[in-house]
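Work through these exercises with the structure open beside you. Try each task before reading its solution.

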Amino acid sequence: MKTFFNSLLILFSFLCSINMQAQTYGTLEYVVAMPLQDMKDYINKTSFRGIAFDYQHKIDPKLSVGLNVGLSLFYEKKSYATYIDGTSSISGIQYRYLSAIPIYAGGIYFLNEDTRMNPFVGFYIGTTYTIRDTDMGLYRWQEENWSFSMRPEAGVIFKPVKTFAIKVSLRYNEVFRTESMGNQSFLAIVVGLVIIK
Amino acid sequence: MRAKPNIKIILIVALLMLGCYPEEPTYVDELDIVYTNYNPAFDFKGVNTFALPEHVIKIDDSTFFNHNGNTEPEFVSDLYANIILNTIRNNMIALGWTEVNKNSNPDVILLISVSTTTTIYYYYDWYYWNWWYPGWDQGWGWYYPGYYNPVYAGGYRSGTLLIQMTEDVNTMVDKNVSVPWVVVINGLLEGNPTSIESRLSNTINQAFKQSPYLQQ
């Protein structure tokens, strides 16, 4: 996971160094994520360990398109419990870890053209790679899953100077159910540092 | 003027995130697990008497070969064996079972073994028991009708307590003795003797608690 974080930072720095003619937004985002639906049954604790990188390219004064890649790490220690499966029962303390890696392409619509405080709405479509590790005793059970996912977003960008802004937004990640894993959706609050070129 | 990424802010955010690592087990008993399984076709209420050996056997990585049944395997120390056997005995009696001598045709016999190897084999050799098991004959084995074998697991410095409830040998199929109930208790081999004693009795009690079908 440290490698993934480092890769995001390197990617962020690289993209920020590219000099483009059109206006571009590179954002490093801190993500607080709250589990919803089936994910809530597995882990019901808010994740304060999330990071994402967003890259937007303006194609119109009010519209941009781009990519977003992130990682949110969820964790919960379950109380001592007995888990029953058919005729077998197993008791112990479970330590549950979930890593969600959303990879999206989408667009943002800005309500104003170029103001200091600019509200926006966005919509993304992509995939989310989910890894669930359940530790019990000295053993670990791992499940992995790729799901189709989409994400509406609403927020505001505060731009005190022309080249730098702060972004705050609310995102709903709909991570669809697959045969191997239930719906792994989550709601996220995002605070981002935006470099504008 | 070109804006440069604020490296200090990026580093602070990254360090904050990496610093929030999740909690991990603090005490060894948090790693103890208790697994039970049973044969749903076995009529637990149709039987009542049980026999317990006077020792708990120790299974290790070395091959134990005892064709004639005259050699005893290594036993677990009396300190721990007494805790194990008494806790099992008390639970069985509390559930309405009656303890009898192994030669008095008990309905079921409980075999208790401890493995301190890095891997647990659900099918260790019958030679470990032929010194004690009434009526033992060469070529015997176990089978687990109606359910899967106990889990196969690997671990580091872990200990496993295995309890097998074996059925009357007259019900044997192809020299295989039926095991209608099994318990696997696994944990880290750490801690002082008092702590190990407490963990042993707690986990054995839990095995009975999660097996309500044993109630007479």
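**Exercise 1. Two helices in chain B**

Task: Classify the packing of helix α2 of chain B against helix α3 of chain B, using the angle at which their axes cross.

Solution. This is a predicted model. Start with the geometry. Helix α2(B) spans residues 78-94, and helix α3(B) spans residues 193-209. Their axes come within 10 Å and cross at roughly 25°. Next, apply the cut-off: angles under 35 degrees count as roughly parallel. Therefore α2(B) is roughly parallel to α3(B). Then add the hand: the crossing of α2(B) past α3(B) is right-handed.

Now list the residues in contact. Helix α2(B) contributes B:Tyr80, B:Ile83, B:Ile84, B:Thr87, B:Ile88 and B:Asn91. Helix α3(B) contributes B:Glu197, B:Leu200, B:Ser201, B:Ile204, B:Asn205 and B:Phe208. Finally, sort them by class: seven are nonpolar, four polar and one charged.

**Exercise 2. The make-up of chain B**

Task: How many helices and strands does chain B have, and in what order do the elements run?

Solution. Count: chain B has three helices and eleven strands. Then read from the N terminus: α-β-β-β-α-β-β-β-β-β-β-β-β-α. Check burial: 31% of the 216 residues of chain B count as buried. Last, look at contacts in chain B with a separation of 6 or more. Residues 24 or more positions apart account for 81% of these.

**Exercise 3. The barrel of chain A**

Task: Which strands of chain A close into a barrel, and in what order?

Solution. Eight strands take part, in the order β1-β2-β3-β6-β7-β8-β9-β10. Their pairing is antiparallel. From one strand to the next, the twist averages 25°.

Zoom in on one pair. Strand β8 of chain A (residues 139-161) pairs with strand β9 of chain A (residues 164-175) over nine bridges, in the antiparallel sense. One bridge partner to find is A:Lys167 in β9(A), which matches A:Ile157.

**Exercise 4. Two positive phi values**

Task: Where do A:Gln37 and B:Asn105 lie, and are they buried or partly exposed?

Solution. Begin with the rule: most residues other than glycine have a negative phi. A:Gln37 has a positive phi, near 50°. A:Gln37 lies in helix α2 of chain A, residues 37-42. It counts as partly exposed because it has 14 C-beta neighbours inside 10 Å.

Turn to B:Asn105. Its phi is also positive, about 50°. B:Asn105 sits in the loop between β4 (98-99) and β5 (108-115) of chain B. With 13 other C-beta atoms within 10 Å, B:Asn105 is partly exposed.

Methods:
Residues numbered from 1 in each chain as written. Chains lettered and ligands numbered in written order. Predicted model: local features only at pLDDT ≥ 70, side-chain atom pairs only at ≥ 80, totals over all residues. Helix = DSSP H or I, 4+ residues; strand = E, 2+ residues; numbered from the N terminus. Buried ≥ 20, exposed ≤ 12 C-beta atoms within 10 Å, placed from the backbone. Contact = placed C-beta atoms within 7 Å. Pairing = 2+ DSSP bridges. Axes fitted to C-alpha atoms, helices over the stretch in contact; angles between N-to-C directions. Parallel < 35°, antiparallel > 145°, perpendicular 65-115°, else oblique. Left-handed = near helix turned anticlockwise from the far one by under 90°. Nonpolar A, V, L, I, M, F, W, Y, C, P; charged D, E, K, R; others polar.
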